[in-house]
Amino acid sequence: MGKTKNKSGPLARRPDNSAFKQQRLPAWSPMLTANTVLPFFYLLAVICMLLGVWLLLLVQSTQEIKLDYTDLGNCNECFDLRRNVSNAAQTCSCRVEFSIDKSLKGDVFFYYGLKNFHQNLRRYMDSRDDGQTLGRIKNLKKNPSSYCAPFDKDNDGVPIAPCGAIANSMFNDSFTLNYHLSSSRSVPVPLLRTGLTWYTDKNVKFRNPRADNLTLAEVFEGTRPPLYWQKPVYSLDPHDPNNNGFINEDLIVWMREAAFPNFKKLYGILNRADPIFEKGLPKGNYTIDISYNFPVQHFQGRKGVVLTTLTWFGGQNHFLPIAYLVTSSLILLAAVVLTVAWWKFGKDGKNMKE
Amino acid sequence: MTVLTDIPEKWLPVVLPIKKKKKAGFGGGKSKKKRTEEERRVKANDREHNEKFQYANNCIVTSKYNILTFLPVNLFEQFQEVANTYFLFLLILQLIPQISSLSWFTTIVPLALVLSITAVKDATDDYFRHKSDNQVNNRQSQVLIRGSLQNEKWMNVKVGDIIKLENNQFVAADLLLLSSTEPHGLCYIETAELDGETNMKVRQSVSVTAELGDPNNLASFDGEVVCEPPNNKLDRFCGTLYWREKKYPLTNQNMLLRGCVLRNTEACYGLVIFAGPDTKLMQNSGRTKFKRTSIDRLMNTLVLWIFGFLVCMGVILAVGNAVWEREVGSLFQSYLPWDPPVDNFMFSAFLSFWSYIIILNTVVPISLYVSVEVIRLGHSYFINWDRQMFCSRCNTAAESRTTTLNEELGQVEYIFSDKTGTLTQNIMTFNKCSINGQTYGEVTDPLGKQPKRLDFTPFNPLANPDFCFYDEKLLESVKVGDLHTHEFFRLLSLCHTVMSEEKSEGELVYKAQSPDEGALVTAARNFGFVFRSRTPGTITTTEMGRTVTYSLLAILDFNNIRKRMSVIVRNPEGRICLYCKGADTVLLERLHPCNQELMSITSDHLNEYGADGLRTLALAYRELSEDEWEAWSESHRCADKATDCREDRLAAAYDKIEQDMKLLGATAIEDKLQEGVPETIALLSLANIKIWVLTGDKQETAVNIGYSCKMLTDDMTEVFIIGGHTVQSVRQELRSARERMMELSRGKTEGMEAWAEACFMGNGMKDGQEGDCTTGRGSKQLHCSSLPPSASGDMDSISGEFALIISGHSLAHALEADMEAEFVSTACACKAVICCRVTPLQKAQVVELIKKHKKAVTLAIGDGANDVSMIKSAHIGVGISGQEGIQAVLASDYSFAQFRFLQRLLLVHGRWSYLRMCRFLCYFFYKNFAFTMVHFWFGFFCGFSAQDVPDHRSLEYPKLYEPGQLNLLFNKKEFFICITQGIYTSVVLFFVPYAVLSDATQSNGVPLADYQTFAVTTATALVIVVSVQIALDTGFWTVFNHMFVWGSVGSYFTIMFALHSQTLFRIFPNQFRFIGSAQNTLLQPVVWLTIALATAVCVVPVLAFRFLKLDLKPQLSDTVRHTQLVRQKRRKPGGRSIGGAWRGTGSVSEGRLGARGGSRRSGYAFSHQEGFGELITSGKNMRLSSLALANFASKHSSSWIETLRRKKTNHTPPSTSGECSPAPSNVSGTCPALSNSSSVLGGSQETPIEEETDAAVVLSSSSHPAASEPAEPRAPAQVAPVDSSTSAAARTDSPGGWARSLETVQEALFGRRGCASASNTQVPPCDATETPPH
């Protein structure tokens, strides 16, 4: 506008003759014509079809074993024991047996699964303090985020670490998988308990407070573990001192809230260093020794374990290929209908010319 | 704001009487008016007495706020808007922590932004209103206080004050004229601001006060005026003046109304009767209303619906929450106990209801309103930037003064147009003439060269330089001294009621009471017959350089029945001659039979002129012998003195002498239309827009303009005229018009055929262009199918073209509550409606009526203060800018310089705005329903994206406009389609990722079913789906579209990665806990496969439906685009042939319309008023100075020649001019000396002046026989072969239906003067006993 002011004469106030201002920008004006739409439909149908078939083949090559151990076998006793909250301090372990008919080849992943556990409630998801788990002393020792309430401080007013409902309700069953070479001889199946998380979670999002030559226990001094925890956060993993505190992988896995009430979380990965398990899990009988701690009765939940092998695009997932195949056939159907309609009624832009 | 300061009363009509009452104590006078006034008593010069009545003073307040009231009032107004209240409510909810699901600043920031921007805008507007209020209120006026004139501000003027006005001053209040410097207490005013008429009007004071004269006498004037209370009737005033125990009736003739300008009067004194808000101008100004578009209203409704929907959802979810909390949540309490105040599930449900309300509020995010405003702002800029709406003559670009109405421009159904200054330029030009069977003024150069404008100055130093004429032949004819031509112009210079003013020598200013007359007299002036001055008894002219003084024996004045005027003059030689000009229908009947031949030729010419839309007049003269004059003069005196039925007697007397005249010729005056008006109107009516003309002008003028701008055509089945003065008669007329319409359309199959043929013709014109038969055929169907006027109820069946003409007083009755519906149904069945003689308020009422009854979008266009109320009450007001007045522009929503820009505004900008807005809204609701997480710039970019058909195409296919009128593109149905699509999309977007991800894991085994991954997947899928959708919606991909569509996808990813970055997390760990989600998610092939699947599932059905719709049931716009594509492909190098085609269409259609033959409209002084002749002959309106000048001039008639001669000798060498050379070859010896007087005079200095004048006198006397003689012998010879009956038939036929109907108009209008018209017709057309012409 400043330019126009400088001009004078009878055309001083004439608007600029730019293509934009005159709405004359060169434009590409696509039209939905039969020449473009129909081939597109056929092409899309073919692509979906190919994808669907390919994915289906991939999915068929994976294997999965699911086991609900909530009240399976002798876990029934533990299940009853946990029904009463006052028995929380008592330990209980049980054993579940299963067999693998066809060996699981390649990497085998061990998950625990929960049903009907609502990690996706808004108040539940808000009930955490990322500042604290990032290792901020202020959030750790003075005032955890108010969103953690009522799990921010214990009755004495001492801050809880890690605070909040999520951490408080952490899944605390533990599993030992045994492979029965024969009826008498069994070997424990080695599981890697690290590398279960996102890189960013392990290395950025969760950090222990700065140690400065202090032991982890000293760093967490002045805090209390969450109400339902038996162990403090700095001794979660007795085997690996580097897997303690906020960077404990089980904690991190648990803290990544599931989107749906039925979910599974990674517990361990088969360590294939052992020559027996070099090619995965051989077929045979297995048992799982479970330290049964996590009560599910009161929310009518179920617990389970999953063993699975993966392909490049993840675990066994039948929905995707089938969805692709269905979509493909629907598109094909639509394409045929459109072609007929076009052929009969609208060929060569008949309707356009009238 | 330099413009504002020199605008007179620019804000005048902006007053809101109602609003003012609300704010007591601000400004003056409004709090006082509580009770309704019964009558008004005003005592002159007695402020104490008048104060008792607490009349409003002259202070005017148009502003809405002051500093203290601004914030509360403005906020109150803003929160009346549903959306603002809604968001305020949300904000309050969000401040409660238990239910706040979103942080409170997500609402307060946009809300505060919206509120403050609006507030700033309002404040600025009000500031300027304050400024202009102050400017007007502080104007100075001279008030007579205690015997002396004192300067007072306008706002301090009180009722009962006597104020002095000077020439060219605005009248400060409604005044009773007491006296003026002019004789007889006359004064002249221009009322353009009030009624749009630019001709001057006379006002006269009551004779007793006129004598008061000077201030001293006036100071002691203590008359009391008792009159009606303030009202809005501009043409009526009723009151009585009590003074010295006598009563004097007061009428509108004694009033000077606020808004008028004093002209031609040195000064005058007036008594303030109504001041400030009570003045008629203010009473006439409509109410300012906040205008909003139908889409706005729809949007508000939808917001309410959505709110209802939201509440429903909230309730459902809350119930669900209650159930869940009871069944599951209560069990889950050990992990997630209820909040301390939430000790049971019911309360939790209650809280969750509100939380859901907040979460789901994004289905109507505030960004909708912001985006809508931004899009409108963009469109407004496009309108401002449009070069094709720039008028280079007045250097004015179109301006969109509001930014809120753009899309409604695409929905206009009714246009209400002012006439003067809007359709016409209000310039009358002498365009053509026919003299003695020879037509002049038709310049058709086959080579299409621009004809050269004639230069009159060398020929005639008195010529008006502004006069335009192109035909040299006429000037030649004058120069060679053709006697008919001379007589023709002599008539024009004598037969009129124009007043002249000669400020300095040779600088003539004509004060014509009607612009037509002014044009004629100016034409005569330029062709050498200069009217110089008049006295009550003489007219002084300069004919071909010689001054001639005629004695004026009688003026046979104009009136509406006579439709002619004559003068009887005696020339210096003593010959008496009657010159008559008038409507051809009237005049041709009064010719001597010997004129048959000439008459038929002239008649043909008149037909031609009429077909061109020109206002025609026939000219005739008759020489009278002394005896005839004496005899008639006696009878005239008799009639004049008669006490009963004087007017009829006079008319009869006039009629007696205006017989056996000889035809001189005819003139054609062009009431210059604005450029491109007929084309625009034709185009707009093709777009199914109905155009009503509302004008303060006379019926004849309005009708004439109706014809010349092709609103009325001769093809019309019937033109109805409503002119009743009573409720019954108006009702009767409306009914009969309707019955007639039904009748005609019922029994009219051949009419339909004819109409179909017309369609075909219209189509033919399109076919004509470059063999473009596809489009032509495409449009035919539509034109014909939708042309029949649609009306309500039984009027639907009416076919055929009708027009309705209604006058102001009938309209007043028609607008009454019980007749409204009847009027609307009749008027809307007509193709054209013309309302004449309407007051500004009536204009607004008509608009309101249509708004009320038709639920249609209305547009009012006008240029003057009298259009302001109409402009304000219409949905869209358009002001014509670049003219003198600016009030209309200030009240308008859009302004541009020329009427023809309307087509572009509506058909191009309006249509685009509407389309874009609709697509935007559809898309917006779609995407909001699809998912509530969105970004503001989605709304922003699609504002530039929905262009569909190039602009010239829009103009070529006006039918493209119709979807807007029918509101096809965004209505509740479309809305539901949109939200259904949105919900479908949201279902797909939720359940596809759900089904896929719930089981899927990353390739390293980490499950993908976590909340953050799911959120990122769904959001990405949403962005991609809506981007594909917008890409599908985009008709025209310009650089900007690419930029914004790709840019928006790009920026989504950018922003997402930024939000999920480590940096932000490290600073605000609790706010940005999505760290790493983006990269972890988007690196997974499963996620992409999911997104692809979701996109395909979302888009494919849409694509299929669109394709089917396009293929099987294409819209016109699709067809146009298709043909455009085909054409582009066919001939790529074709260049700009399309533009040419369009232009071709315009001209072809014009040609077709212009070819409508056989109609002739006589334009006798359309804006002429009766009784001016009387004023002249009585000498009342002669100023002393001008009388003296006239006397002086007649005595020393040749003084200007002398001066001229002196000048000549000083400046130009004597004998250089060779221009006189062709002149001597002429017939009469004395003529050449005259034809170029200046040069000849320059050469013969020593010629005595007396001799000159003598020669002139001799010439003028000898020219009479010369003029009549050649006509005399020829006429009988040539008339003989012509069958008199056929010629008569031709004469009656030729005027066509129009002339007949005009007569009915006249009858209807002046039916009450039955005896006058009867006496008129009784007189036989040709009286053989009358003195035969010599």
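# Helix crossings and confidence in a predicted model

Me: In this predicted model, helix α35 (residues 972-997) and helix α36 (residues 1011-1033) of chain B have axes that come within 10 Å and cross at roughly 140°. Why is α35(B) called oblique to α36(B)?

Reply: Set the angle against the cut-offs. Roughly antiparallel needs an angle over 145 degrees, and roughly perpendicular runs from 65 to 115. The crossing of α35(B) and α36(B) is at roughly 140°. That value fits neither class, so α35(B) is oblique to α36(B).

Me: Which hand does the crossing of α35(B) and α36(B) have?

Reply: The crossing is right-handed. On the α35(B) side, the contact is made by B:Q981, B:T985, B:L989, B:F990, B:P993, B:Y994 and B:L997. On the α36(B) side stand B:F1014, B:T1017, B:T1018, B:A1021, B:L1022, B:V1025 and B:Q1029.

Me: What classes of residue make up the contact of α35(B) with α36(B)?

Reply: There are 9 nonpolar, 5 polar and no charged residues. B:Y994 and B:P993 are in the contact, and Tyr and Pro count as nonpolar.

Me: Now the pair that joins two chains. What makes α2(A) and α40(B) roughly antiparallel?

Reply: Helix α2 (residues 34-60) of chain A packs against helix α40 (residues 1085-1112) of chain B at about 150°. The cut-off for roughly antiparallel is over 145 degrees. The angle passes it, and therefore α2(A) and α40(B) are roughly antiparallel. Their axes lie 12 Å apart, and the crossing is left-handed.

Me: Which residues of α2(A) and α40(B) make the contact?

Reply: From α2(A) come A:A34, A:V37, A:L38, A:F40, A:F41, A:L44, A:L51 and A:L55. From α40(B) come B:L1089, B:V1100, B:L1103, B:A1104 and B:F1107. By class, the contact has 13 nonpolar, no polar and no charged residues.

Me: Where does UniProt place the feature "transmembrane region" in chain A?

Reply: The unreviewed entry places it at residues 40-59 and 322-343. In the model, residues 40-59 of chain A are 100% helix, with end C-alpha atoms 28 Å apart. Residues 322-343 of chain A are also 100% helix, and their end C-alpha atoms are 31 Å apart.

Me: Why are α15(B) and α16(B) oblique to each other?

Reply: Helix α15 (residues 483-494) and helix α16 (residues 515-526) of chain B cross at roughly 130°. That is not over 145 and not within 65 to 115, so α15(B) and α16(B) are oblique. Their axes come within 8 Å, and the crossing is left-handed. B:F489, B:L492 and B:S493 in α15(B) meet B:L520, B:V521, B:A523 and B:A524 in α16(B).

Me: What makes the peptide bond from A:A161 to A:P162 stand out?

Reply: The bond is cis, with omega near -15°. Most peptide bonds are trans. A:P162 lies in the loop between α6 (137-142) and α7 (165-168) of chain A.

Me: What is notable about the phi of B:Q54?

Reply: The phi of B:Q54 is positive, about 55°, although the residue is not a glycine. Most residues other than glycine have a negative phi. B:Q54 is found in the loop between α3 (47-51) and α4 (67-78) of chain B.

Me: Where is confidence lowest and highest in chain B?

Reply: Confidence is lowest in helix α32 (residues 936-942), at a mean of 26, and highest in strand β24 (residues 576-582), at 90. Over residues 1184-1334 of chain B the pLDDT is below 50. Where pLDDT is low, the predicted coordinates should not be read in detail.

Methods. Residues numbered from 1 in each chain as written. Chains lettered and ligands numbered in written order. Predicted model: local features only at pLDDT ≥ 70, side-chain atom pairs only at ≥ 80, totals over all residues. Heavy atoms only, no water. Axes fitted to C-alpha atoms, helices over the stretch in contact; angles between N-to-C directions. Helix = DSSP H or I, 4+ residues; strand = E, 2+ residues; numbered from the N terminus. Parallel < 35°, antiparallel > 145°, perpendicular 65-115°, else oblique. Left-handed = near helix turned anticlockwise from the far one by under 90°. Contact = heavy atoms within 4.5 Å. UniProt positions renumbered as here; feature names shortened; annotations may be inferred. pLDDT = per-residue confidence, 0-100.
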